[in-house]
Amino acid sequence: MQLSDPVTAIRGIGDKTADSFRKLNILTVGDLVETYPRRYLGYSAPVKIAQAPELERVTISATVSTYVKVHKGPRYVLTTLSAEDGTGSVEMVWFNSPYLRSTFHKGDTFCFTGMIRRKGNRRVMEHPEFYTPYKYQDMQSVLQPIYPLTAGVTNNQLRKAILEIRPVIGQLPDPLPESLREKYGLLPKGQAVLAIHFPKDEETLRDAVRRLAFDEFYRFLSDVREMREENVSLTSSHVLTEESVAALKGFLAGLPYALTDGQANALSDVVKDMSGGMVMNRLIQGDVGCGKTIIAAAALFVNARSGYQGALMVPTEVLAMQHYRDLEQLFRPYKLRVELLTGSMSAKEKRAVHEGLRNGEVHVVVGTHALIQEKVEYRSLGLVVTDEQHRFGVRQRERLAEKGDLPHVLVMSATPIPRTLAIILYADLDISLITELPGGRKKILNCVVGTDYRPTAYQFIKKEVASGHQAYVICPKIEDAEGVELEAVTSYAENLREIYGTSVRVGTLHGKMKETEKQRILQDFSEGNIDVLVSTTVIEVGINNPNATVMMIENAERFGLAQLHQLRGRVGRGDAQSYCIFINCNRTEESAERLSVLEESNDGFHIAAEDLRLRGPGDFFGVRQSGDLMFRLADIYQHADVLRMAQEAVLNQEG
């Protein structure tokens, strides 16, 4: 079997399963090999019911004390029983599993694993795993991989498919020379990938993650180095005219606010680069809400007034639409034509934009990856701006730049990366840093609370809505799933509607919606037709609604600090006081310490440094947390030491 073979070459995978796997971008055997677990479950020693903490994953050894009951409701078939161990009892509940009636009998002892919740005076464990005491002894030495899933694909299906290709994994070729592996103490490639899918213990898993993170960093930094060498001293054919630089002063004077010193300095760097006769490759790095977008707008303006076209590429269609509307309104008085280009547009709409770009009638185009498709041709592309660079690979950014004759490149990032790591990751770019926020912004007030604070939070949100403001509620998943104890957008929104009635209008937003539906919902939210938007992290980047004053994040302990800071940045964008409520569903000292960093500081770069310090050698039961889509497995925070190691290896390459 070859890595390039289709997944149907694997025993047990037919066309129907292959179609389901395609939703996870698993088309070949090689794709399956590189579908890494997103986390691992361990099995600890059982605890007594009286000592079992609530809202944490635990195992209890208990005896079935009642007969099994099966109840058919309007939405679920519920299977229930009670189990006790002499110190207390827990009610076990399974959804849509009536077949379990024949599994349990009164007097049988099982080990039940799950999360205990209190409902009234009852303690309940929903959809627990269960094992005989003998089987559970074996489970205590196992790390169970949990893979990314989609509709029609189960963890067990992926596990079985990967088991079938285990011999192929063991024979993977190793791109690193043995001398390099020995120098840095790295596992062979095949051994590392086997350990990722079939970990013997935590130490082996840690070594495997370390090796594969090194590979990703090494490839990335090699690309960066190559780009830097190619771009050094490249002469630009898109030099700004004196007239355009003079017009820029009028453009800035027409804004309803003055630039901060940081914004002015960053823009000065950009204008200097674009006027100097050499190709610009610059990163504008600044905290959430620091005003990077107006720097990009000013650069696109002065570029267009010099007779060149500009392209702004962003990671999502939602964000593309927002930037398009803002730029179109901003540039309309200057008769500069701005167009939108995204994958969901009709063929007719795309053709019209393509024609405008070819003949030069379109001065600025805003879009997603659609901007780098083969059909897109530019008459004179002078400036490429990419927003949230961490969402694009180096080569994707390069492909957009190749659409023109060595256009200037401006990159914007609000990802709070410690400067020591930013210098490594952005080695092909000159860096301008914006450290302060625009005037008039009030400091966001933060609080980290437990689940018992929810009723108070709901009332606080209702009060903010009554005063004319809006709120976000973030949940980590879209729908309720069996055995997953996380808050879900759909059921959470239903619950809020029941609580608020008609006094508060609740909307939902998540990644599985069609782009047109997302746009409609965000438009309704921005126009004030939705009071509370319950969403997944799809709103993490760039969404701007100055009227939103409350951000409430459920299961906050499940996110990295940098991502939580990005989410928090969706509020505090107007002149009203804003608030962020972090709901900590895991009351451990570790999660409390991590979240307290956000409670005490709104400085993204301080938070990034603390995130780096607190993560230590890495949490290998949740392999990636930074939300950085540039890598499959590597995490710039957890694996900062590996990143530095890979940089050293790249710098020491021959030639």
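This is a short selection tour of the structure, stop by stop. The model is predicted.

**Stop 1: the six-stranded sheet**

Select β17, β22, β21, β18, β20 and β19, in that order. They form an open sheet with parallel pairing. The edges are β17 (445-449) and β19 (506-509), and each of these strands pairs on one side only. Step across the sheet: the twist averages 15° from one strand to the next.

Now zoom to the β17 edge. Its partner there is strand β22 (residues 579-583), joined to β17 in the parallel sense over five bridges. Pick asparagine 446: cysteine 580 in β22 stands opposite.

**Stop 2: helices across the sheet**

Add helix α16 (residues 454-466). Which strands does α16 lie across? They are β18 (470-474), β20 (532-535), β21 (548-553) and β22. Against β21, α16 runs at about 165°.

Next add helix α19 (residues 561-568). This helix lies across β17, β18, β21 and β22. Its angle to β21 is about 150°.

**Stop 3: arginine 454**

Go back to α16 and select arginine 454. Is arginine 454 buried or exposed? With a relative accessible area of 16%, it is buried, because the cut-off is under 20%. Show glutamate 554 as well. The side chains of arginine 454 and glutamate 554 make a polar contact at 2.8 Å.

**Stop 4: the cysteines**

Display the cysteine sulfurs. How many disulfides does the structure hold? The count is zero. Take cysteine 475, which is in no disulfide: the nearest cysteine sulfur, in cysteine 585, is 9.7 Å away. Cysteine 475 is buried, with a relative accessible area of 0%.

Return to cysteine 580, seen earlier opposite asparagine 446. Why is there no bond to cysteine 447? The two sulfurs are 7.9 Å apart, too far for a bond, and cysteine 447 holds the closest cysteine sulfur to that of cysteine 580. Cysteine 580 is also buried, at a relative accessible area of 0%.

**Stop 5: strand β6 and its partners**

Select strand β6 (residues 109-119). It pairs with strand β2 (residues 57-64) in the antiparallel sense, over seven bridges. Alanine 62 stands opposite phenylalanine 110 in β6.

Add strand β8 (residues 129-131), which runs antiparallel to β6 and is joined to it by three bridges. Here cysteine 111 has tyrosine 131 in β8 as its bridge partner.

Then add strand β7 (residues 122-126). Four bridges join β7 to β6, again antiparallel. Lysine 119 has arginine 122 in β7 as its bridge partner. β6 and β7 form a hairpin with two residues between them. Click glycine 120 in the turn: its phi is positive, about 70°.

**Stop 6: the nonpolar cores**

In soluble globular proteins, nonpolar side chains tend to be buried together. Look for that here. The largest nonpolar core has 67 residues. Select Leu32, Ile196, Phe214 and Phe217, which have the most contacts inside it. Helix α8 (residues 202-231) gives the most to this core: eleven residues.

A second, separate core has 55 residues. Val270, Ala320, Leu341 and Ile434 are included in it.

**Stop 7: phenylalanine 217**

End by centring on phenylalanine 217. Which residues are in contact with phenylalanine 217, leaving aside neighbours within four places in sequence? They are Phe631, Ala634, Asp635, Ile636, His639, Val642, Leu643 and Ala646. Select them together with phenylalanine 217 to see the contacts.

Technical notes
Residues numbered from 1 in each chain as written. Predicted model: local features only at pLDDT ≥ 70, side-chain atom pairs only at ≥ 80, totals over all residues. Heavy atoms only, no water. Core = buried A, V, L, I, M, F, W, Y, C linked by side-chain atoms within 4.5 Å. Buried < 20%, exposed > 50% of the residue type's maximum accessible area, 1.4 Å probe, protein only. Contact = heavy atoms within 4.5 Å. Polar contact = N/O pair within 3.5 Å; in protein donor to acceptor, adjacent residues only side chain to side chain. Disulfide = S-S within 2.5 Å. Pairing = 2+ DSSP bridges. Axes fitted to C-alpha atoms, helices over the stretch in contact; angles between N-to-C directions.
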